[in-house]
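Student: I would like to learn how to read a protein model. Could we go through one together, feature by feature?

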Amino acid sequence: MGWGVSPIYKERIINENAGAIIYAELSVNSALAMHLMSRGLEVPTPIPLKALIDTGANLCAIVPGLAQRLNLLPHARVAVMGIGEKKANPRHAYYVGFNLFGTESFDVYATEFEINFGNGVNALIGRDLLNRLKLFCYDGKNDSFTLEI
Amino acid sequence: MVKEARGKYALIYGESLVGVFPSLKESFVAGYSELGNVPFLVKEINEEDPIYFVG
């Protein structure tokens with residue numbers, strides 16, 4: 001990757017049920033990492049994520065328990081409506097880091113949400129994060145997608 | 001307050017407003033710096049709380 005060239009992640013979709021999945025990492029947010037380091041405290045090791053890009057979601061989501069593994073505390077309570085739900089329910093939100101491409105980290109709020117797709121997906125990347133990327137291209141005919149920062 | 005601060009972020013601890021910041025990140029930097037890693041609240045200032053759609 002040269003100077004001025006955006007990181008591009010191109011992935012083949014394994015099957016149509018899987019959707020656009022990116023392997024990423026969940027970490028503490030950068031402000032907390034700096035706070036911990038400045039006090040000589042250990043920064044928790046990032047957790048591997050199998051994240052589905054979900055353009056229908058306007059907020060990122062992680063399965064319950066991941067934030068606790070990073071010793072994160074909830075810093076917001078948000079009204080969340082899931083598919084099939086008739087009303088919004090209050091849920092905790094955690095300020096987390098989504099590490100993409102192995103190099104870029106995005107601090108966002110993510111809510112805890114049961115993700116039961118049965119394919120190991122443990123996070124959803126919503127439009128709040130996608131809005132900070134340059135490009136998301138879903139190429140259904142060629143079973144692939146492209147993300148560009 | 002909402003009119004002047006719409007779109008900014010309120011840092012709240014307990015019942016107290018600690019400060020208003022232009023970005024989420026600046027709110028958290030201030031929160032960890034001034035309060036430590038405690039369950040403070042950071043909330044965007046708007047007339048109504050948004051509903052988020054997930055899944």
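Student: Which residue caps the N-terminal end of H1(A)?

Tutor: Keep in mind as we go that this is a predicted model. The cap is A:Asn29, which has a side-chain oxygen 3.1 Å from the backbone nitrogen of A:Ala31.

Student: And what comes just after H1(A)?

Tutor: Just past that helix, A:Gly40 has a positive phi of about 70 degrees.

Student: Which residues of H1(A) are buried?

Tutor: A general idea helps here. An α-helix has 3.6 residues a turn, so residues three or four places apart point the same way. In H1(A), the buried residues are A:Ala31, A:Leu32, A:Ala33, A:His35 and A:Leu36.

Student: What do those buried residues pack against?

Tutor: Within chain A, the buried residues of H1(A) pack against strand S2 (21-28) and strand S7 (104-112), and they also pack against H2 of chain B.

Student: So a helix of chain B is involved. How are two packed helices described?

Tutor: Two numbers do the work: the angle between the axes and the distance between them. Here, the axes of helix H1 (residues 30-38) of chain A and helix H2 (residues 24-35) of chain B come within 9 Å, with a crossing angle of roughly 25 degrees. Angles under 35 degrees count as roughly parallel, so H1(A) is roughly parallel to H2(B). The crossing of H1(A) past H2(B) is right-handed.

Student: Which residues meet where H1(A) and H2(B) touch?

Tutor: From H1(A) come A:Ser30, A:Ala31, A:Leu32 and A:His35, and they meet B:Lys25, B:Phe28, B:Val29 and B:Tyr32 of H2(B). By type, the residues of this contact are five nonpolar, two polar and one charged.

Student: Let us step back to whole chains. What elements does chain A have?

Tutor: Chain A contains three helices and 10 strands. Along the sequence, their pattern is β-β-α-β-β-α-β-β-β-β-α-β-β. Of its 149 residues, 51% count as buried. Take the contacts in chain A between residues at least 6 apart in sequence: 63% of them join residues at least 24 apart.

Student: And how many helices and strands are there in chain B?

Tutor: Chain B has two helices and four strands, running α-β-β-α-β-β from the N terminus on. Its C-alpha atoms fill a box of roughly 35 × 30 × 20 Å along the principal axes. Buried residues are 31% of the 55 residues in chain B. Among its contacts between residues at least 6 apart in sequence, 47% join residues at least 24 apart.

Student: Now a single residue. Is A:His75 buried or exposed?

Tutor: Buried means under 20% relative accessible area. A:His75 has a relative accessibility of 2%, so A:His75 counts as buried. You will find A:His75 in the loop between helix H2 (66-69) and strand S5 (76-82) of chain A.

Student: What does A:His75 touch?

Tutor: Leaving out residues up to four places away in sequence, A:His75 touches A:Ala93 and A:Tyr109, and from chain B it touches B:Phe28, B:Tyr32, B:Val38, B:Pro39, B:Phe40, B:Leu41 and B:Val42. A:Tyr109 is 34 residues from A:His75 along the chain, with 8.8 Å between their C-alpha atoms. As for B:Phe40, its backbone oxygen lies 2.6 Å from a polar atom of the A:His75 side chain.

Student: Where is A:Arg91, and which side chain does its own side chain make a polar contact with?

Tutor: A:Arg91 is in strand S6 (residues 89-100) of chain A. Its side chain makes a polar contact with the side chain of A:Glu85, at 3.2 Å. A polar atom of the A:Arg91 side chain also lies 3.4 Å from the backbone oxygen of A:Val80. With a relative accessible area of 19%, A:Arg91 is buried.

Student: One last feature: what is the phi of A:Asn71?

Tutor: Most residues other than glycine have a negative phi. A:Asn71 is not a glycine, yet its phi is positive, near 60 degrees. A:Asn71 sits in the loop between H2 and S5 of chain A and is exposed, with a relative accessible area of 55%. A:Asp143, also not a glycine, has a positive phi of about 50 degrees. A:Asp143 lies in the loop between strand S9 (135-139) and strand S10 (144-148) of chain A, and is partly exposed at 37% relative accessible area.

Notes. Residues are numbered from 1 along each chain as its sequence is written. Chains are lettered from A and ligands numbered from 1 in the order in which they are written. This is a predicted model: local features need pLDDT of at least 70, side-chain atom pairs count only at pLDDT 80 or more; totals for chains, interfaces and linings use all residues. Side-chain values use heavy atoms; hydrogens and water are left out. Buried means under 20% relative accessible area, exposed over 50%, partly exposed in between (1.4 Å probe, protein chains only). Contact means heavy atoms within 4.5 Å. A polar contact is a pair of N or O atoms within 3.5 Å; within protein, one must be able to donate a hydrogen and the other to accept it, and residues adjacent in sequence count only if both atoms are side-chain atoms. Axes are lines fitted to C-alpha atoms, for helices over the stretch in contact, and angles run from 0 to 180 degrees between N-to-C directions. Angles under 35 degrees count as roughly parallel, over 145 as roughly antiparallel, 65 to 115 as roughly perpendicular and the rest as oblique. A crossing is left-handed if the near helix is turned anticlockwise from the far one by less than a right angle, and right-handed if clockwise. Ala, Val, Leu, Ile, Met, Phe, Trp, Tyr, Cys and Pro count as nonpolar, Asp, Glu, Lys and Arg as charged, and the others, Gly among them, as polar.
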